[in-house]
Amino acid sequence: MKKENIIIGIIVLAVIVILGVLFINLNKNETTESTIKDSKDMIKMVNSIYQNINKELPSLETIAIDVNNLDDVTSYTGLKSNEDIEELVISVPMMNAQAYSLAVVKVKDGANIESLKQEMLDNINMRRWICVSAEKLYITNNGNIIFLVMADKDTAKSVYDGFKSYVNNEIGKELEKTNEEENIELPPEMPATPVV
């Protein structure tokens, strides 16, 4: 009788441990993608990232953009088409002379996320501001959420790492680009050295 009670106790304990592990893994594997359903969730995510990084940021406006406006979509993401975009949220400085831009793109089911990320990397204008340009650009994704940030290298890295932390490092391929200011080609009417 005692042996049967010990065996039953061990079996019950094993079942409890297995159920506990399954419960923890189910909660851990619930991706952030499933919690980001619309632009309100995307804005909430961006605000959470900002609150949890140790970096002073400029005064930013974080808003949803109408994805039917192709000019805005292209300006903030580099994408030439809005066909695969479901939602777009941007975060940009209230004063335009600061080189900072963040875009969160929720893409439609079935879209080729890697080709969209590459198109963003290839086409985004890192010199979109009047007198300044971004030093560093980072792009990655969590499921069907693409995250892009460009700014000075320290700020861009801090915000990018904040996104990765927010999604528990469950990200896709990481893309990055550095803006080489010395490679800027001046038009012929603007010589590189001042004329005296």
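Rings of Phe, Tyr and Trp, the last taken by its six-membered ring, count as a pair if their centres lie within 6.5 Å, and as stacked if their planes are under 30 degrees apart. With that in mind, the tour can start from the aromatic residues of this predicted model, which holds three aromatic pairs.

Select Phe 147 and Phe 163 to begin. The ring centres of Phe 147 and Phe 163 are 4.2 Å apart and the planes meet at 5°, so this pair is stacked. The two residues belong to distant parts of the chain, since Phe 147 sits in strand S5 while Phe 163 sits in helix H6 (residues 153–166), with their positions 16 residues apart in sequence. Colour them by accessibility: Phe 147 is buried at a relative accessible area of 0%, and Phe 163 is likewise buried at 0%.

Now display the whole chain as a cartoon. Six helices and six strands make up the secondary structure, and from one end of the sequence to the other they follow the pattern α-α-α-β-α-β-β-α-β-β-α-β. Of the 196 residues in the protein chain, 36% are buried. Among contacts with a separation of 6 or more, 63% involve residues 24 or more positions apart.

If you colour by confidence, keep in mind that the protein chain averages a pLDDT of 84, with 80% of the residues scoring at least 70. Residues 26–33 deserve a cautious look, for the pLDDT there is below 50, and in the model this stretch makes nine contacts beyond near neighbours in sequence.

Next, select the strands. They form an open sheet of six strands, paired antiparallel in the order S1-S2-S3-S5-S4-S6. Its edges are strand S1 (60–64) and strand S6 (175–178), each of which pairs on one side only, and from one strand to the next the twist averages 10°.

Move to S1 and S2, which run antiparallel and are joined by five bridges; here Thr 62 stands opposite Ser 91 in S2. On to strand S2 itself (residues 85–93): seven of its nine residues are buried, so the strand is largely enclosed by the rest of the structure. Six bridges join S2 to S3, again in the antiparallel sense, and along this pairing the bridge partner of Glu 87 is Lys 106 in S3.

Further across the sheet, select strand S4 (residues 136–142) together with strand S5 (residues 145–151), which pair antiparallel over seven bridges. Leu 137 can be found opposite Met 150 in S5. Then add helix H5 (residues 113–123), which lies across strand S3 (101–107), S4, S5 and S6, and runs at about 170° to S4.

Which residues surround Ile 65, once its neighbours within four places in sequence are left aside? Select Ile 65 in the loop between S1 and helix H4 (70–77), and show its surroundings: the contacts in question are with Asp 72, Tyr 76, Leu 88 and Ile 90. Ile 65 has a relative accessibility of 13%, and because buried means under 20%, it counts as buried. A distance drawn from Ile 65 to Ala 103 reads 9.9 Å, C-alpha to C-alpha, although the two are 38 residues apart in sequence.

For a last stop, select Arg 128 and Trp 129, where Arg 128 lies over the face of the Trp 129 ring, at 5.8 Å from the ring centre.

Key:
Residues numbered from 1 in each chain as written. Predicted model: local features only at pLDDT ≥ 70, side-chain atom pairs only at ≥ 80, totals over all residues. Heavy atoms only, no water. Pairing = 2+ DSSP bridges. Helix = DSSP H or I, 4+ residues; strand = E, 2+ residues; numbered from the N terminus. Axes fitted to C-alpha atoms, helices over the stretch in contact; angles between N-to-C directions. Contact = heavy atoms within 4.5 Å. Buried < 20%, exposed > 50% of the residue type's maximum accessible area, 1.4 Å probe, protein only. pLDDT = per-residue confidence, 0-100. Phe/Tyr/Trp six-rings, centres within 6.5 Å; stacked < 30°, edge-to-face > 60°. Lys NZ or Arg CZ within 6 Å of the ring centre and 35° of its normal.
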